[in-house]
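With the model open in your viewer, follow the stops below in order, selecting each group of residues before reading what is there.

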Amino acid sequence: MPTNENIVLQETNRGGYTLSIVANFEEGYPVQYIIRVSKPEWKPKGREVDYISSLEGFKNIGELLVALHHFAQKKLYAKDPDKLKKVLTAENIKKFAELWKAGEFSS
């Protein structure tokens with residue numbers, strides 16, 4: 001089964017290091033959320049990776065992590081991975097989290 005990844009949020013600092021929040025999903029399985037730190041190509045292998053960001057960058061990351069806390073309380077399964085890749089964005093996660101906090105969903 002093919003695995004799909006969607007970068008929900010990506011912040012790159014002045015040193016070229018990138019912190020990404022990635023949604024990883026496979027049809028029939030719950031979505032997994034990954035925090036990925038990438039170092040610039042010029043960085044020697046085997047060295048530690050420190051991600052230093054502006055306060056605005058940390059604010060963006062923090063807001064999404066708080067929203068993910070609410071959003072991911074119910075498991076999300078991919079029925080249509082291509083469509084999910086388009087709609088699973090930081091903005092939509094934050095909007096859904098606000099709905100989740102303001103009301104209650106039932107079936």
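**The nonpolar core and its surroundings**

In this predicted model, begin with the largest nonpolar core, which has 20 residues, and select L64, L88 and I93, the members that touch the most others within it. Colour next β1 (4-12), β2 (18-25), α1 (55-71) and α3 (90-102), each of which supplies at least two residues of this core; α1 gives the most, with five residues. Keep L64 selected and display its contacts beyond four places in sequence, which are V8, L9, I21, A90, I93 and K94.

Move now to α3, whose end C-alpha atoms lie 18 Å apart, in agreement with the 18 Å that its 13 residues should span at 1.5 Å a residue. Select A90, I93, A97 and W100, the buried residues of this helix, and look down the axis of α3: they fall within an arc of 80 degrees, and therefore line one face of the helix. An α-helix has 3.6 residues a turn, so residues three or four places apart point the same way. The buried residues of α3 pack against β1 and α1, while the face turned away from that buried side carries the exposed residues E91, K95, L99 and A102.

For the last stop, select I35, which is placed in strand β3 (residues 32-38). Is I35 buried or exposed? Its relative accessibility is 53%, so I35 counts as exposed, the cut-off being over 50%. Leaving out residues up to four places away in sequence, I35 touches L19, S20, I21 and L65. A distance drawn from I35 to L9, C-alpha to C-alpha, gives 9.7 Å for two residues that are 26 residues apart in sequence.

Conventions:
Residues are numbered from 1 along each chain as its sequence is written. This is a predicted model: local features need pLDDT of at least 70, side-chain atom pairs count only at pLDDT 80 or more; totals for chains, interfaces and linings use all residues. Side-chain values use heavy atoms; hydrogens and water are left out. A nonpolar core is a set of buried Ala, Val, Leu, Ile, Met, Phe, Trp, Tyr and Cys residues joined through side-chain atoms within 4.5 Å. Buried means under 20% relative accessible area, exposed over 50%, partly exposed in between (1.4 Å probe, protein chains only). Helices (H or I, at least four residues) and strands (E, at least two) are DSSP runs, numbered from the N terminus. Contact means heavy atoms within 4.5 Å. The expected span of a helix is 1.5 Å times one less than its number of residues. The arc is that of the directions from the helix axis to the C-beta atoms.
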